[in-house]
Amino acid sequence: MALPQLIPSHSSSSSLTHQPSISPNAVSPYILNPNFKPFSNSSSLFQSRRFHRLSSLRCFASSFPEKRHPYPPQSDESVQLPLFPLPLVLFPGAVLPLQIFEFRYRIMMRTLLHTDLRFGVIYSDPVGGTSDVGCVGEIFKHERLVDDRFFLICKGQERFRVTNIVRKKPYLVAEVNWLEDRPSSDEDLEGIADEVESCMQDVIRLSNRLNGKPVKEARDLRRNLFPTPFSFFVGSTFEGAPKEQQALLELEDTAARLRREKGTLRNTLNYLSAASAVKDVFPYS
């Protein structure tokens, strides 16, 4: 589920201290919108948030389902992780479909499918560079085609921070430390999460109204999630605002993340309310 165009309440950027050599042509400049076509031939790697809905794609469960990791890890634990720079942000719990056929990443996938099925997704853009905080993507379905391309479906796991670049060829590998949210103070996390859910419901309702869709009440967006995973879920819906998503991913405080999301949703709600009022006055404009 993606929300309409968001009005972020903050601006933020981060960069990788040890900048990897990443060609701007390594991945295509994605346009994260409902009309994006993931399987054109204009780039070396494609993704679509709707990919997992395509019933015609035959995916099979990984051949190595038993290789799971007993996380959460210790935040001061340092490990080496292959990195996949992308113009998008992956959150813990979010599903990321990918199609891969660039040679260096085919090498990476062949290695991962015989090891631990995990790699780091890290946000990168031509202007701001590559961020130093990302999220592990774990492959849980894949299909290898006869031409050695891969269809993958991954799920976001732990967050990490890059501490050192180990190598850049044939693909980027870095040492990372795991990130976890710090224990919150006596703040009412459940109350803040409920407020965020309410704002999301209002945004969805007004967005549907403006787009001429049936106005249905969006219920149970939390789906019994605790505040921290819910905050990640909310961040994952902010498609089209990757810098804001990256700022949310980097926060190590659940309450701060929820408050920031509430601010963004309220700004978006104000915008939608104004647009709705204009539509009421000028219904045929």
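## Salt bridges, rings and helices in a predicted chain

The side chains of E190 and R222 meet in a salt bridge, with 2.9 Å from N to O. E190 lies in helix 2 (residues 189-210) and R222 in the loop between helix 2 and helix 3, so this pair ties together parts that are 32 residues apart in sequence. The two partners can also be described by how much of each is covered. E190 counts as partly exposed, because its relative accessibility is 37%. R222, at 8% relative accessibility, counts as buried. The model in which this pair is found is a predicted one.

The chain as a whole gives the setting. It has 5 helices and 8 strands. Read along the sequence, these follow the pattern β-β-β-β-α-β-β-β-β-α-α-α-α. Of the 285 residues of the chain, 51% count as buried. The accessible surface comes to about 14400 Å², and 52% of that surface belongs to carbon and sulfur atoms. Among contacts in the chain with a separation of 6 or more, 72% are accounted for by residues 24 or more positions apart.

How many salt bridges does the chain have? The count comes to 16 salt bridges. One of them joins the side chains of R118 and E158, at 2.5 Å from N to O. R118 lies in strand 5 (residues 118-125) and E158 in strand 7 (residues 150-167), so the salt bridge ties together parts that are 40 residues apart in sequence. R118 is buried, with a relative accessible area of 3%. E158 also counts as buried, because its relative accessibility is 15% and the limit for buried is under 20%.

A further salt bridge is found within a helix. The side chains of R205 and D202 meet at 3.5 Å, N to O. Both residues lie in helix 2, 3 residues apart, which is about one turn of the helix. R205 counts as partly exposed at 32% relative accessibility, and D202 is partly exposed with a relative accessible area of 26%. Helix 2 therefore holds E190, a partner in the salt bridge to the loop, and it also holds both R205 and D202. Salt bridges can also join into a network: R106, R110, R144 and D148 are linked in this way.

The aromatic rings are the next topic. A pair of aromatic rings is described by the distance of the centres and the angle of the planes. The count in this chain comes to 4 aromatic pairs. One of them is formed by F84 and Y105, which are stacked, with 4.1 Å centre to centre and 20° between the planes. This pair links distant parts of the chain: F84 is in strand 3 (residues 78-86) and Y105 in helix 1 (residues 103-112), 21 residues apart. F84 counts as buried, because its relative accessibility is 0%. Y105 is buried as well, with a relative accessible area of 3%. Together with F119, F84 and Y105 form one aromatic cluster.

F230 and F233 form another aromatic pair, and this one is tilted: 6.2 Å centre to centre, with 35° between the planes. Where do F230 and F233 lie? Both are in helix 3 (residues 227-236), and because they are 3 residues apart, they are separated by about one helical turn. F230 counts as buried at 0% relative accessibility. F233 counts as buried at 16% relative accessibility.

F233 also has a charged neighbour. The charged end of R223 sits over the ring of F233, 4.4 Å from its centre. A similar arrangement involves R167 and Y171: the charged end of R167 sits over the ring of Y171, 5.2 Å from the centre of that ring.

The last stop is helix 4, which spans residues 242-250. Is this helix mostly covered or mostly uncovered? Helix 4 is mostly covered, since 8 of its 9 residues are buried. The buried residues are P242, E244, Q245, Q246, A247, L248, L249 and E250.

Methods
Residues numbered from 1 in each chain as written. Predicted model: local features only at pLDDT ≥ 70, side-chain atom pairs only at ≥ 80, totals over all residues. Heavy atoms only, no water. Buried < 20%, exposed > 50% of the residue type's maximum accessible area, 1.4 Å probe, protein only. Helix = DSSP H or I, 4+ residues; strand = E, 2+ residues; numbered from the N terminus. Phe/Tyr/Trp six-rings, centres within 6.5 Å; stacked < 30°, edge-to-face > 60°. Lys NZ or Arg CZ within 6 Å of the ring centre and 35° of its normal. Salt bridge = Lys/Arg side-chain N within 4 Å of Asp/Glu carboxyl O. Contact = heavy atoms within 4.5 Å. Areas by Shrake-Rupley, 256 points an atom, 1.4 Å probe, with all protein chains shown as cover.
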